[in-house]
Amino acid sequence: MNMQGLLKQAQKMQKELAKVEDELKETVYDSTMGGGAIKVSVKGTMEIDSIIIDETIIEKENKEDLEEMIKSAVNDALSKANKDKEKKMNALTGGIKMPGGF
């Protein structure tokens with residue numbers, strides 16, 4: 001393959017990676033714990049979008065249980081977002097790790 005063809009292929013992949021990153025920015029991953037008492041949503045950018053706590057557990061649950069459910073829900077939602085990102089990037093790159101945090 002000539003250099004010009006390789007450059008065009010790299011530019012095409014760069015555009016496709018940018019498209020996937022834009023999709024991830026718009027995707028929200030949800031997780032619930034405690035039978036729906038805690039709901040956490042994170043964006044594909046690994047930022048917390050929202051945390052919703054059912055008011056009924058605030059009175060019933062002790063502080064440590066509430067903190068543990070929130071931590072578990074956040075970790076679960078982040079795991080979902082990370083797995084989806086890896087899946088989309090691997091589909092584009094054929095499993096080759098890209099530099100620059102892609």
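Contact here means heavy atoms within 4.5 Å. I put that at the top of the page since my entries lean on it. One more reminder to myself: the model is predicted.

**Entry 1: Tyr29 and its neighbours**

I began with Tyr29, which sits in strand 1, residues 28-33. What does Tyr29 touch beyond residues up to four places away in sequence? I found Leu24, Val40, Ser41, Val42, Lys43, Gly44, Ala77, Lys80, Ala81 and Asp84.

I then checked whether Tyr29 is buried or exposed. Tyr29 counts as buried, because its relative accessibility is 10% and the cut-off for buried is under 20%.

Next I looked at the side chain, where Tyr29 makes a polar contact of 2.4 Å with the side chain of Asp84. I also noted the pair Tyr29 and Ala81: their C-alpha atoms are 6.1 Å apart in space, while 52 residues separate them in sequence.

**Entry 2: the whole chain**

I stepped back to see the setting. The protein chain has 3 helices and 3 strands, and along the sequence they follow the pattern α-β-β-β-α-α.

Of the 102 residues, 21% count as buried. The chain exposes about 7200 Å², and carbon and sulfur atoms supply 52% of that area.

I also looked up sequence separation. Among contacts with a separation of 6 or more, 49% come from residues 24 or more positions apart.

**Entry 3: the sheet**

In what order do the 3 strands of the open sheet stand? The order is 1-2-3, and the pairing is antiparallel. Strand 1 and strand 3 (48-53) are at the edges with a single partner strand each, so one side of each has no neighbour in the sheet. On average, neighbouring strands are turned by 10° against each other, direction ignored.

I went through the pairings one at a time. Strand 1 and strand 2 run antiparallel and are joined by 6 bridges. In this pairing, Val28 has Lys43 of strand 2 as its bridge partner, and Met33 stands opposite Ile38 of strand 2.

Strand 2 and strand 3 are also antiparallel, with 5 bridges. Here I found Val40 opposite Ile51 of strand 3.

**Entry 4: the two hairpins**

The hairpin of strand 1 and strand 2 has 4 residues between the strands, and Gly34 takes a positive phi near 65° there. The hairpin of strand 2 and strand 3 has 4 residues between its strands too, and in it Met46 takes a positive phi near 70°.

I flagged Met46, since here the positive phi belongs to a residue other than glycine. Met46 lies in the loop between strand 2 and strand 3. With a relative accessible area of 33%, Met46 is partly exposed.

**Entry 5: Ser41**

I returned to Ser41, a name from the Tyr29 list. Ser41 lies in strand 2, residues 38-43. Is Ser41 buried or exposed? Ser41 is buried, because its relative accessible area is 5%, and buried means under 20%.

Which side chain does that of Ser41 join in a polar contact of 2.4 Å? The partner is Asp30. Leaving aside neighbours within four places in sequence, Ser41 is in contact with Val28, Tyr29, Asp30, Glu47, Ile48, Asp49 and Ser50.

**Entry 6: the core and helix 3**

In soluble globular proteins, nonpolar side chains tend to be buried together. With that in mind, I looked for the nonpolar core.

The largest nonpolar core has 16 residues, and those with the most contacts inside it are Leu24, Tyr29, Ile38, Val40, Val42, Ile57 and Met89. Helix 1 (3-26), strand 2 and helix 3 (63-93) supply at least two residues each. Helix 3 gives the most, with 7 residues.

I picked out Ile57 from that list for a closer look. Leaving aside neighbours within four places in sequence, Ile57 is in contact with Ala37, Ile38, Leu66 and Met69.

Last, I checked how helix 3 is placed on the sheet. Helix 3 lies across strand 1, strand 2 and strand 3, and runs at about 150° to strand 1. That brought me back to where I began: Tyr29 of strand 1 is listed in the core, and its side chain has the polar contact with Asp84.

Note on methods:
Residues numbered from 1 in each chain as written. Predicted model: local features only at pLDDT ≥ 70, side-chain atom pairs only at ≥ 80, totals over all residues. Heavy atoms only, no water. Buried < 20%, exposed > 50% of the residue type's maximum accessible area, 1.4 Å probe, protein only. Polar contact = N/O pair within 3.5 Å; in protein donor to acceptor, adjacent residues only side chain to side chain. Core = buried A, V, L, I, M, F, W, Y, C linked by side-chain atoms within 4.5 Å. Areas by Shrake-Rupley, 256 points an atom, 1.4 Å probe, with all protein chains shown as cover. Pairing = 2+ DSSP bridges. Axes fitted to C-alpha atoms, helices over the stretch in contact; angles between N-to-C directions.
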